[in-house]
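Here are a few exercises to work through with the coordinates open in your viewer. Try each task before you read its solution.

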Amino acid sequence: MTDTDRWPVLDSETEYETGWYDGGYDLVEQPDGSEKRYYWADLPPAVVIVARADDEVLFVEQYRPTIRETHLELPAGIVEDGESYTTAAARELEEETGFHPSSTALLQEYAVATGVLRHDRGIVYAEGLEPGERELDSNEFLEVVTVPIDEAFARAREEPANDSTISALLLARADGLL
């Protein structure tokens with residue numbers, strides 16, 4: 001018996017569509033026979049880039065209106081239709097920082113906040129940075145900040161901290177890249 005046999009979806013409703021993500025719920029029959037609504041938000045895949053420039057890591061500092069805080073983060077963005085994580089990483093890195101990598105490698109793909117989100121994230125390592133052409137989106141007001149590798153993790157943990165930056169740096173460090 002599969003998980004979907006033990007947890008059948010009786011109904012699935014999309015309650016709203018924002019152009020950025022969809023939200024709704026699945027009415028699920030639980031293994032004990034009871035029924036429960038499980039709410040979700042469905043977001044497109046995203047990529048977070050650990051970009052190494054010699055002995056430094058590229059960060060961007062930006063204000064996040066949703067939580068009303070300015071964060072020091074790794075460059076990141078949405079994976080467009082037909083793109084791989086590495087292609088999206090190269091594009092996003094150049095758009096946000098003005099640097100194009102000569103090489104990229106996918107370190108990890110994983111599901112994010114599985115209790116409420118339908119959202120996958122890829123962590124990409126980029127190096128061999130060459131000057132490119134910065135092209136910010138209309139809602140991006142970013143400052144590029146370089147941080148020495150030996151300070152990157154401590155800086156990422158300073159409040160306010162965020163999950164994608166910390167997890168990406170941990171993966172790169174565990175893989176011996178930082």
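**Exercise 1. A charged pair in a helix**

Keep in mind that this is a predicted model. Task: work out how the side chains of Arg 91 and Glu 95 meet, and where the two residues sit relative to each other.

Solution. Start with the atoms: Arg 91 and Glu 95 form a salt bridge, at 3.4 Å from N to O. Next, look at the spacing. The two are four residues apart in helix H2, so about one helical turn separates them. Now check accessibility, with buried meaning under 20% relative accessible area. Arg 91 comes in at 17%, so it counts as buried, and Glu 95 is buried too. Finally, step back: Glu 80, Glu 83, Arg 91, Glu 92 and Glu 95 are joined into one network by salt bridges that share partners.

**Exercise 2. Reaching out of the helix**

Task: find where Glu 80 and Arg 91 lie in the chain, and say what links them.

Solution. Glu 80 is in the loop between strand S7 (76-78) and helix H2 (85-97), whereas Arg 91 is in helix H2 itself, 11 residues apart from Glu 80. Their side chains meet in a salt bridge, 3.6 Å from N to O. As for exposure, Glu 80 is partly exposed at 43% relative accessible area. Counting up the whole model gives nine salt bridges. Another of them pairs Arg 52 with Asp 55, the closest N and O atoms being 3.7 Å apart. Here Arg 52 is partly exposed at 24%, and Asp 55 is exposed at 57%.

**Exercise 3. Laying out a sheet**

Task: give the strand order of the four-stranded open sheet and pick out its edges.

Solution. The order reads S1-S2-S3-S9, with mixed pairing. Strands S1 (9-17) and S9 (117-118) each pair on one side only, which makes them the edge strands. Zoom in on S2 (22-29) and S3 (35-42): they run antiparallel and are joined by eight bridges. Tyr 25 stands opposite Tyr 39 in S3. Leu 27, also in S2, touches residues including Pro 8, Leu 10 and Lys 36.

**Exercise 4. Into the core**

Task: which elements give two or more residues to the largest nonpolar core?

Solution. The core has 17 residues. Its contributors at that level are strands S4, S5 and S10 plus helices H3 and H4. H3 gives the largest share, four residues. Leu 74 is among the members that touch the most others, and its contacts include Val 50, Phe 59 and Leu 169.

Note on methods. Residues are numbered from 1 along each chain as its sequence is written. This is a predicted model: local features need pLDDT of at least 70, side-chain atom pairs count only at pLDDT 80 or more; totals for chains, interfaces and linings use all residues. Side-chain values use heavy atoms; hydrogens and water are left out. Two strands pair if DSSP finds at least two bridges between them. A nonpolar core is a set of buried Ala, Val, Leu, Ile, Met, Phe, Trp, Tyr and Cys residues joined through side-chain atoms within 4.5 Å. Buried means under 20% relative accessible area, exposed over 50%, partly exposed in between (1.4 Å probe, protein chains only). Contact means heavy atoms within 4.5 Å. A salt bridge is a side-chain nitrogen of Lys or Arg within 4 Å of a carboxyl oxygen of Asp or Glu. Lists of a residue's contacts leave out its neighbours within four places in sequence.
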